[in-house]
Every structure is written in structure tokens, then in C-alpha cells.
Amino acid sequence: MPPDPEIFALAQQVGEQLRRQGRSLAVAESCTGGLLGAALTDVPGSSTYFLGGVISYADRVKVDQLQVPEATLRQYGAVSEQTAAAMTTGVRQLLRADIGVSITGVAGPDAEGSKPVGLTFIGIAAQASTVHRFQWTGDRWDNRRRSVIAALELLVQTLGR
């Protein structure tokens, strides 16, 4: 299946910026299940800047692989600003990347307790760390797609500074 043109264009932009700056990238994904990593690797030559990622769908993987504190998951939940920040830092350290990005959210079709469908947090860790909150209104596929687009747009902005 050919890549989504909008996502591919953004992934190319990210790749060009990373290559030009000589920086590396790692991803930690939950609700997107590897879509961000797939988008990045759709770009020929991405092995020069993309190190890899962790699909941490289960909380145990967040704790064991990404070093998300169990207390963070208990207090704030898997879909939270705090967890996104810890995932970003964790994957950056695990894969020794210059930049880490994380996505955690409620893709749908059902809410997770008090967290509505579409609630998503995207973290970026470079020199500084930031987490952005989004509330998508689509179905499961659209929410995941929009999360990947948002992550790529945030990377373009971060790398452009």
C-alpha cells in the first residue's frame, strides 16, 4: 500500500531536517501502534537518522522498556502528559537518540474511564522536553492518523528552531 501523501511529505521534511542537522530520532508509540515509525521509514534513506522505536501498547512495556515510573501510571494513567513525557525521555535514553518523540492516547472506539476518545498526548524531547495535548474527534483510524501528522508537524517545528 503506498504511503499517505500528506504523512509522507511531512516525514520527508523531518528526514531532511534531521539529515541536515546530523541528528538522530527514536519513537515511543502506544495508541498509534507503530504508524509513526512506519511513516518515518517510508522515506528512502531514513536509516541515516531514524534509530528505531518501542511500541509500548501495554503498561508493562512502558515500565520495563521505557522506564515510565509505575507511580506515574497509577497516579495519572497511561494517557497523560506525565506518561508521554516519561515515554519520550525513556526512548531517547534507551536508543541513545538526539531526539525522542512519544504518542499516547485513546484511539477509540470507547473512552478509557474519564479519558474521552481522541484524547492524545505527544511528547518531544530534544534539548528541552515538551508535551502537547490534543483532542481528536474522529474514529479510531482518523485519531491515529491525526496523531502521526501532529507528531511529524511538531518535529518539523522543533527541528526548525
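The following legends describe an overall view and several close-up views of one predicted model. Residues are numbered from 1 along each chain as its sequence is written, and side-chain values use heavy atoms, with hydrogens and water left out. Because the model is predicted, local features need pLDDT of at least 70 and side-chain atom pairs count only at pLDDT 80 or more, while totals for chains, interfaces and linings use all residues.

**Figure 1. Overall view of the chain, with six helices and five strands.** Helices (H or I, at least four residues) and strands (E, at least two) are DSSP runs, numbered from the N terminus. Along the sequence these elements follow the pattern α-β-α-β-α-α-α-β-β-β-α. The radius of gyration of the chain is 14 Å, close to the 15 Å that the globule rule gives for 161 residues, so the chain is as compact as a globular protein of that length. This radius is taken over C-alpha atoms, and the globule rule is 2.2 Å times the number of residues to the power 0.38. Along the principal axes, the C-alpha atoms fill a box of roughly 40 × 30 × 25 Å. Buried residues make up 52% of the 161 residues; buried means under 20% relative accessible area, exposed over 50%, and partly exposed in between (1.4 Å probe, protein chains only). Of the contacts with a separation of 6 or more, 62% come from residues 24 or more positions apart, where contact means heavy atoms within 4.5 Å.

**Figure 2. Close-up of the parallel pairing of strand 1 with strand 2.** Strand 1 (residues 25-29) and strand 2 (residues 50-55) are joined by five bridges; two strands pair if DSSP finds at least two bridges between them. Ala28 has Val54 of strand 2 as its bridge partner. From strand 1 the chain passes through helix 2 (residues 35-41) to strand 2, in a right-handed β-α-β crossover. Right-handed here means that, with the strands pointing away from the viewer, the path from the first strand over the helix to the second runs clockwise.

**Figure 3. Close-up of strand 4 (residues 119-125) and its antiparallel pairing with strand 5 (residues 129-135).** Seven bridges connect strand 4 and strand 5, and the two strands form a hairpin with three residues between them. Ala125 is bridged to Ser129, and Gly123 to Val131, both partners lying in strand 5. Strand 4 is also joined to strand 3 by six bridges, again in the antiparallel sense. In that pairing, Val101 stands opposite Ile124 of strand 4. Seven of the seven residues of strand 4 are buried, so this strand is largely enclosed by the rest of the structure. Both of its faces are covered: Leu119, Phe121, Gly123 and Ala125 are buried on one side, and Thr120, Ile122 and Ile124 on the other.

**Figure 4. Close-up of helix 3 (residues 59-66) and the residue that follows it, Gln67.** The buried residues of helix 3 are Val61, Lys62, Val63 and Leu66. They pack against strand 1, strand 2, helix 4 (70-76), helix 5 (81-94) and strand 3 (99-105). Gln67 lies in the loop between helix 3 and helix 4. Its phi is near 60°, a positive value in a residue other than glycine. Gln67 is exposed, with a relative accessible area of 55%.

**Figure 5. Close-up of Arg145 in helix 6 (residues 140-159).** The side chains of Arg145 and Glu6 make a polar contact at 3.0 Å. A polar contact is a pair of N or O atoms within 3.5 Å; within protein, one must be able to donate a hydrogen and the other to accept it, and residues adjacent in sequence count only if both atoms are side-chain atoms. Leaving aside neighbours within four places in sequence, Arg145 is in contact with Asp4, Glu6 and Ile7.

**Figure 6. Close-up of two loops, holding Arg96 and Pro109.** Arg96 lies in the loop between helix 5 and strand 3. Its phi is near 50°, a positive value in a residue other than glycine, and at 73% relative accessibility Arg96 counts as exposed. Pro109 is found in the loop between strand 3 and strand 4. A cis peptide bond, with omega about 15°, joins Gly108 to Pro109.
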